[in-house]
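Colleague: I would like to go through the labels used for this structure. Please give the criterion with each one.

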Amino acid sequence: MPRPGHRARLESGLKLDINRLARRGFIRPGAATGPVGIAWNSDYWGEIATGTITADMRGEDGHGWFQIKVGHLDQHIDLVARPRHFGGRQWFFICPYLQQRCMVLWRPPGAGTFACRKRWGRQVAYNSQFLGPDDLAHRGQARIKSRLCSIGGFNPEEWDFPPKPKWMRWSTYRRAEEQFDRYEETLNDGTLMLLARLLGRKNSPEK
């Protein structure tokens, strides 16, 4: 974990998202799976860790287990399923420390085990908490643009703000457009403030 007074970046560590693991076939509700290999990658560093996952989600009583092995770590995590309002069951991890249901477990840089976000408290922070308003605005615009291009099959290089995907509701598209414009206003305000500071320095009398 980080030195006192410093906060580790959660996204720089390892993450287990139970829904994403199920979508990608690492685990299967109603079945026993594994061991199957898993890898975590960084856009900058490439592969940062590898491990194996084994799980048993056959329990008719709504209970199961999950095992993750990464290096010297060999951690057993309980699973529990709860009925969904619209049918079927939603599986959850049980945090090994707080014994509460969660869909995501984190192993921050320097930590030895996986646990829920609440377990790490103020020792950690999301990357967005280290960003200023302009960085957040750029990131927000990129996220909106990426989603629209992915749904509509557009080339992101050809659009500043993509057109409405064919099957998207107009109300959803307009909300995305309004949020994109709010981010643009934040960036414009930041540019004006920077220009004002630069002009102030330029016009200040020399000592």
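Colleague: Why is Leu14 called buried?

Modeller: Leu14 has a relative accessible area of 7%. Buried means under 20%, exposed over 50%, and partly exposed in between, with a 1.4 Å probe and protein chains only, so Leu14 counts as buried. This is a predicted model, where local features need pLDDT of at least 70, side-chain atom pairs count only at pLDDT 80 or more, and totals for chains, interfaces and linings use all residues. Residues are numbered from 1 along each chain as its sequence is written, and side-chain values use heavy atoms, without hydrogens and water.

Colleague: Where is Leu14 found, and which way do the side chains there point?

Modeller: Leu14 is in strand β2; a strand is a DSSP run of E with at least two residues, a helix one of H or I with at least four, and numbering starts at the N terminus. Along β2 (residues 14–17), Leu14 and Leu16 point to one face and are buried, while Lys15 and Asp17 point to the other and are not.

Colleague: How do you know that β2 and β9 pair?

Modeller: Pairing requires at least two DSSP bridges between two strands. β2 and β9 (residues 104–107) have four bridges, in the antiparallel sense, therefore they pair. Leu14 stands opposite Arg107 in β9.

Colleague: What makes Arg23 exposed?

Modeller: Arg23, in helix α1 (residues 18–23), has a relative accessible area of 65% and is therefore exposed.

Colleague: Is Asp160 buried or exposed?

Modeller: Asp160, in the loop between α3 (133–152) and α4 (170–203), is exposed because its relative accessible area is 61%.
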